[in-house]
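Trainee: I would like to test some labels on this model. Can we go through them one at a time?

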Amino acid sequence: MQAIISDLHSNMAALSVVLEDIRSKGITEIICLGDVIGYGPEPEEALDLAQTWKLTLLGNHEEALLTDANTFNVRARDAINWTRKKLDIESDDPAKIARWAFLEKLVPMKAVGDILYVHGSPRAPTTEYIVPRDGMDRRKMADIFSRFQRLCFVGHSHIPGVYTEEGYLSPSELCDIYMCEPGKKALINVGSVGQPRDGDVRSSYVTFDGESVVFRRIPYDIERTAKKIYSIPELDRFLGDRLKEGK
Ligand SMILES: [Fe+2]
């Protein structure tokens, strides 16, 4: 059994309760689809945990941290620039050196058997968004589906759900469980731990046993993360406010 998480965005109040939920199910295999950092106030703590997981992929926020955030909007860019300063690449503190070494080794996409794990999309791993309305875009989805064998797990849009060749289904339409069908491809968005954007403020992740995907939502102390964001001048207040709306 695996727990697949994504888009933690330096939100430790959210990540802690998700990890506790994963532990309570006896799951030890954690796969993270990227965006461990960005937006939120606790990048170091989140990166220290990410180093212990089975697989962590490169998200667009890690990519921006390692290069530049010029394509980001001003709030996201300011948060990346603050994060870069906080992680301090010039420091000789072993924990800081280890975080940068870990970041520099992240890959954007990984296939394991007939399952593909990627942050955004198989055709543009860190940048392309797949959102619910794309479920009806036959040409886009056919091209994306031609790039994996059976199942593809993604994050990036922060909107959980399942895309099949028939379209998109939200977790509530699926009663929170998707049973994989033989010979039928599916792309699964696991949602976001640290900044959900589907109108539900609770953290999102999935468990996967090889055949069924279960969507989980876990409430966390949003106020704790929002207060930390408000206390850091480089982080826009909006980044705290949006957590309370799930947008
Ligand atoms: Fe993200």
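What follows is a set of short questions and answers on how each label is earned.

Mentor: Keep in mind that the model is predicted. Start with the whole chain.

Trainee: How many helices and strands does the chain have?

Mentor: The secondary structure comes to eight helices and twelve strands.

Trainee: What makes the chain as compact as a globular protein of its length?

Mentor: Set the value against the rule. The radius of gyration is 17 Å, and the globule rule gives 18 Å for 247 residues. The two are close, so the chain counts as compact as a globular protein of that length. Its C-alpha atoms fill a box of roughly 50 × 35 × 35 Å along the principal axes.

Trainee: What share of the chain is buried?

Mentor: Buried residues make up 45% of the 247 residues. As for contacts between residues at least 6 apart in sequence, 69% join residues at least 24 apart.

Trainee: Why is E62 called buried?

Mentor: Count its neighbours. E62 has 27 C-beta neighbours inside 10 Å. The cut-off for buried is 20 or more, so E62 qualifies. E62 lies in helix α3, residues 60-66. Beyond four places in sequence, E62 touches G34, V36, I37, L103 and L106. T126 is 64 residues away along the chain, yet the C-alpha atoms of E62 and T126 are separated by 9.4 Å.

Trainee: And why is R123 called partly exposed?

Mentor: R123 has 14 other C-beta atoms within 10 Å. Exposed needs 12 or fewer, and buried needs 20 or more. The value falls in between, so R123 is partly exposed. R123 sits in the loop between β5 and α6 (138-145). Leaving aside neighbours within four places in sequence, R123 is in contact with E128, D143, I144 and R147. The C-alpha atoms of R123 and E42 are 31 Å apart, with their positions 81 residues apart along the chain.

Trainee: Which residues have the most contacts inside the largest nonpolar core?

Mentor: I4, I5, F153 and I188 do, in a core of 61 residues. Helix α1 (residues 12-24) gives this core its largest share, seven residues. Take I5 as a case. Not counting residues up to four places away in sequence, I5 touches V18, I30, C32, V190, V193 and Y205.

Trainee: Which way do the residues of β1 point?

Mentor: In strand β1 (residues 2-5), Q2 and I4 point one way, and A3 and I5 point the other way. All of these are buried. Such alternation between the two faces of the sheet is what a regular strand shows.

Trainee: How do you know that β1 and β2 pair?

Mentor: Count bridges. Pairing needs at least two. Four bridges join β1 to strand β2 (residues 29-32), and the two run parallel. The bridge partner of I4 in β2 is I31.

Trainee: What makes β3 and β9 edge strands?

Mentor: Read the order of the open sheet: β3-β2-β1-β11-β12-β9, with mixed pairing. β3 (55-56) and β9 (177-179) each have a single partner strand, so one side of each is left without a neighbour in the sheet. Further in, β11 (residues 203-208) and β12 (residues 212-218) run antiparallel, joined by six bridges. T207 stands opposite V214 in β12.

Trainee: What is the strand order of the other six-stranded sheet?

Mentor: The order is β4-β5-β6-β10-β7-β8, again an open sheet with mixed pairing. β4 (109-112) and β8 (167-169) have one partner strand each, so they stand at the edges. Neighbouring strands here are turned by 20° against each other on average, direction ignored.

Trainee: Why is the pairing in that sheet called mixed?

Mentor: Compare two pairs. β4 and β5 run antiparallel over four bridges. β5 (residues 115-118) and β6 (residues 151-154) pair in the parallel sense over three bridges. Both senses occur, which fits the label, since strands of a sheet pair either parallel or antiparallel. Y117 stands opposite F153 in β6.

Trainee: What lies between β4 and β5?

Mentor: Two residues, in a hairpin. G113 in the turn has a positive phi of about 60°.

Trainee: Last one. What puts the buried residues of α7 on the same side?

Mentor: T225, A226 and I229 are the buried residues in helix α7 (residues 222-230). They cover an arc of only 100° around the axis, which puts them on the same side of α7. The buried residues of α7 pack against α1 and α8 (238-241).

Notes: Residues are numbered from 1 along each chain as its sequence is written. This is a predicted model: local features need pLDDT of at least 70, side-chain atom pairs count only at pLDDT 80 or more; totals for chains, interfaces and linings use all residues. Axes are lines fitted to C-alpha atoms, for helices over the stretch in contact, and angles run from 0 to 180 degrees between N-to-C directions. The radius of gyration is taken over C-alpha atoms; the globule rule is 2.2 Å times the number of residues to the power 0.38. Two residues are in contact if their C-beta atoms, placed from the backbone, lie within 7 Å. A nonpolar core is a set of buried Ala, Val, Leu, Ile, Met, Phe, Trp, Tyr and Cys residues joined through C-beta atoms within 7 Å. The arc is that of the directions from the helix axis to the C-beta atoms.
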